[in-house]
Amino acid sequence: MAKDNKDRMGDKLRDVEAAHEDQWARKRDAELLAQMRNKLAANMVCPKCKGALTAEVRGGVEIYACPQGDGAWLDQNALDAALKLV
Ligand SMILES: [Zn+2]
């Protein structure tokens, strides 16, 4: 293999490795955010049934929902994000 081809192969392998690291980091970030959301939601109760709310992401917007279907709540940032979707 010519030196030039070898260099290109090395560059390609580094690109693939970097893409895998980015994918791993995005997945890890998503897991950490989900843990944080669930921790926050565990401290929030539904005003109707007093059950613990669950954290969910719907359409890219974070909401806190009653598992019994009594309703869903948003913080200010989520409300702003939801309004931008309308
Ligand atoms: Zn409820």
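Visitor: Which residue in the hairpin of E1 and E2 takes a positive phi?

Guide: Gly 59 does, with a phi near 60 degrees, in a hairpin that has two residues between its strands. Please keep in mind that you are looking at a predicted model.

Visitor: And in the hairpin of E2 and E3, which residue takes a positive phi?

Guide: There it is Gly 69, with a phi near 85 degrees; six residues lie between these two strands.

Visitor: What is the phi of Lys 50, and what makes the value worth pointing out?

Guide: Lys 50 has a phi near 65 degrees, a positive value in a residue other than glycine. Most residues other than glycine have a negative phi. You will find Lys 50 in the loop between H1 and E1.

Visitor: Why is Lys 50 called exposed?

Guide: Count the other C-beta atoms within 10 Å of Lys 50 and you get 9. The cut-off for exposed is 12 or fewer, so Lys 50 qualifies.

Visitor: What makes E1 and E2 a pair of strands?

Guide: Five bridges join E1 to E2, which covers residues 61-65, and the two run antiparallel. A pair needs at least two bridges, so E1 and E2 meet the condition. Among the bridges, Thr 54 is partnered with Ala 65, Glu 56 with Ile 63, and Val 57 with Glu 62.

Visitor: How many bridges join E2 to E3?

Guide: Two bridges join them, and these strands also run antiparallel. The requirement is at least two, so E2 and E3 count as paired. One of the bridges links Tyr 64 with Trp 73 in E3.

Visitor: Which strands are the edge strands, and why are they called that?

Guide: The sheet is open, with its three strands in the order E1-E2-E3 and antiparallel pairing. E1 (54-58) and E3 (72-73) each pair on one side only, and they are the edge strands.

Visitor: Which residues form the largest nonpolar core?

Guide: That core has five residues: Cys 46, Leu 53, Ile 63, Tyr 64 and Cys 66. A core takes buried residues of nonpolar types joined through C-beta atoms within 7 Å, so these five satisfy that test. In soluble globular proteins, nonpolar side chains tend to be buried together.

Visitor: With which residues is Tyr 64 in contact, leaving aside its neighbours within four places in sequence?

Guide: Its partners are Ala 41, Met 44, Leu 53, Ala 55, Ala 72 and Trp 73.

Visitor: How do you know that the protein is not a compact globule?

Guide: The radius of gyration is the clue: a compact globule of 86 residues would be near 12 Å, but this protein has 21 Å. The C-alpha trace spans about 70 × 30 × 20 Å along its principal axes. Buried residues make up 6% of the 86 residues. Of the contacts with a separation of 6 or more, 6% are between residues 24 or more positions apart.

Visitor: How far apart in space are Asn 5 and Lys 48?

Guide: From C-alpha to C-alpha they are 67 Å apart, with their positions 43 residues apart in sequence. Asn 5 sits in helix H1. Its count is 9 other C-beta atoms within 10 Å, and the limit is 12, so Asn 5 is exposed.

Visitor: Where is Met 9 placed: in a helix or in a strand?

Guide: Met 9 is in helix H1, which covers residues 3-42. It has 11 other C-beta atoms within 10 Å, and 12 or fewer means exposed, so Met 9 is exposed. Its C-alpha lies 49 Å from that of Leu 74, and the two are 65 residues apart in sequence.

Visitor: In what order do the elements of the protein run from the N terminus on?

Guide: They run α-β-β-β-α, which agrees with the tally of two helices and three strands.

Visitor: What is the average pLDDT of the protein?

Guide: The average is 88, and 97% of the residues score at least 70. Among the elements, H1 has the lowest mean, 87, and E3 the highest, 94. Where pLDDT is low, the predicted coordinates should not be read in detail.

Methods: Residues are numbered from 1 along each chain as its sequence is written. This is a predicted model: local features need pLDDT of at least 70, side-chain atom pairs count only at pLDDT 80 or more; totals for chains, interfaces and linings use all residues. Helices (H or I, at least four residues) and strands (E, at least two) are DSSP runs, numbered from the N terminus. A residue is buried if 20 or more other C-beta atoms lie within 10 Å of its own, exposed if 12 or fewer, and partly exposed in between; C-beta atoms are placed from the backbone. Two residues are in contact if their C-beta atoms, placed from the backbone, lie within 7 Å. The radius of gyration is taken over C-alpha atoms; the globule rule is 2.2 Å times the number of residues to the power 0.38. pLDDT is the predictor's confidence in each residue, from 0 to 100.
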